[in-house]
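Here are some exercises to try on this model. Have a go at each task before you read its solution.

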Amino acid sequence: MNEKPVPFPSALVSTDWLSGQLGSSGLLVIDSSVLLAASAPHLRPMRDAYLEAHIPGAVFADLVNEVVEPDSPLGITRPSTRRAEAVFGRLGVGPRTRVVVYDCEFGQNAARLWWLLKANGHDAVALLDGGIRKWADEGRTVESGPVEPVPATFVAHPRPGMWSDRQQVLDAVNGMTDTTLVNAVPDLPADPSVLPAGAARVMSTTLPGSVDIPFPSMVQPGTTTLPYPSINWPGSPMLRSGPDRAGRLTPVPRGRPTIVYCNSGLNAPLVGLCLVEAGYDAVSVYDGGLMEWLGDPQAPVTARAKR
């Protein structure tokens with residue numbers, strides 16, 4: 001018997017598709033929303049918003065405190081293989097589980113969970129385009145209160161090529177490899193005072209030679225792009241169409257390894273997912289991001305060009 005579920009044909013699924021599949025055997029829906037706050041702690045799992053309203057049957061994944069390596073000195077670090085097996089097993093991801101992930105913003109939080117599952121060998125995972133906001137805007141049913149996951153046995157099959165470390169990034173900066181660096185950090189807002197402390201510095205900084213692809217540029221025009229997500233925002237945060245996304249990724253050369261980075265590794269996977277969906281090979285995420293890079297005062301950086 002085949003122990004693996006059929007992979008999704010695309011990295012994305014629509015709300016129409018999910019509506020027709022809810023309740024199907026082997027389907028698991030996961031809310032992974034994270035709040036960016038001006039006061040510490042700056043990254044907060046949006047469990048309260050999930051409890052208020054979520055897609056029927058969805059469980060909640062805490063990307064800040066649980067789906068991380070707890071002993072890391074950085075804020076957000078991918079879990080070790082052993083911890084990933086424990087965490088994903090508790091969430092109910094088994095060998096035959098098809099997973100749909102979503103959040104209440106642009107999909108960048110859900111893309112982080114998508115990347116983590118893919119990197120641990122679980123191919124049957126897709127991101128819900130538009131997330132809970134599109135789902136609710138369309139008048140679809142939402143539920144309140146917790147949904148307890150049904151534990152499963154998750155066996156990781158790590159794909160190390162989906163992650164890059166500081167040395168690999170340094171080699172790329174120094175021209176020792178033909179790797180392209182991609183900065184996925186959003187543009188600096190007109191009023192930087194709304195940002196958490198230190199965020200303006202990060203958003204004004206890039207690594208030498210990087211291609212600038214802010215993760216919000218993957219979203220359709222007109223989508224609210226404030227730094228504070230809320231389920232009550234008007235409008236559905238749909239990603240751009242496939243050809244439109246691919247067009248915006250053309251500054252990234254094909255046929256070369258690509259390393260995507262952001263501040264903490266939380267947002268870079270959305271651009272990574274879009275690159276993979278557009279047919280790019282050898283795409284990895286620098287999990288330490290600028291948080292790790294800027295911790296070394298000797299690390300080479302440059303000012304980011306203003307748009």
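**Exercise 1. Take strand 9 and work out which of its residues lie on each side, and whether they are buried or exposed.**

Step 1: strand 9 covers residues 180–183, with Thr-180 and Val-182 on one side and Leu-181 and Asn-183 on the other. Strands here are DSSP runs of E with at least two residues, helices are runs of H or I with at least four, and both are numbered from the N terminus.

Step 2: those residues are all buried, and both faces are covered. Buried means under 20% relative accessible area, exposed means over 50%, and partly exposed is in between (1.4 Å probe, protein chains only).

Step 3: as background, side chains in a regular strand alternate between the two faces of the sheet.

A quick note before moving on: this is a predicted model, where local features need pLDDT of at least 70 and side-chain atom pairs count only at pLDDT 80 or more, while totals for chains, interfaces and linings use all residues. Residues are numbered from 1 along each chain as its sequence is written, and side-chain values use heavy atoms, with hydrogens and water left out.

**Exercise 2. Find the strands that pair with strand 9, then place strand 9 in its sheet.**

Step 1: strand 12 (residues 258–261) runs parallel to strand 9, with four bridges between them. Two strands pair if DSSP finds at least two bridges between them. Look for Asn-183, whose bridge partner in strand 12 is Tyr-261.

Step 2: strand 11 (residues 211–212) is also parallel to strand 9, joined by two bridges. Here Val-182 has Val-211 as its bridge partner.

Step 3: put together, the open sheet has five strands in the order 8-13-12-9-11, with parallel pairing. Strand 8 (163–164) and strand 11 are the edge strands, each pairing on one side only.

**Exercise 3. How many residues of helix 4 are buried, and what span does the helix reach?**

Step 1: helix 4 takes in residues 108–119, twelve in number. From first C-alpha to last it reaches 16 Å, close to the 16 Å expected at 1.5 Å a residue; the expected span is 1.5 Å times one less than the number of residues.

Step 2: twelve of the twelve residues are buried, so helix 4 is largely enclosed by the rest of the structure. Among them are Trp-114, Trp-115, Arg-112 and Lys-118.

Step 3: look past the end of helix 4 and you meet Gly-121, with a positive phi near 90 degrees.

**Exercise 4. Which residues of helix 9 are buried?**

Step 1: helix 9 (residues 268–277) is mostly covered, with eight of its ten residues buried.

Step 2: the buried ones are Ala-268, Pro-269, Leu-270, Val-271, Gly-272, Leu-273, Cys-274 and Leu-275.

Step 3: just after helix 9 comes Gly-279, with a positive phi of about 95 degrees.

**Exercise 5. Count the disulfides, then check Cys-104 and Cys-274.**

Step 1: a disulfide is a pair of cysteine sulfur atoms within 2.5 Å. By that rule, the count is zero.

Step 2: Cys-104 is in no disulfide, and its nearest cysteine sulfur, that of Cys-262, is 17 Å away. At 3% relative accessibility, Cys-104 counts as buried.

Step 3: the closest cysteine sulfur to that of Cys-274 is also in Cys-262, at 14 Å, which is too far for a bond. Cys-274 counts as buried too, at 1% relative accessibility.
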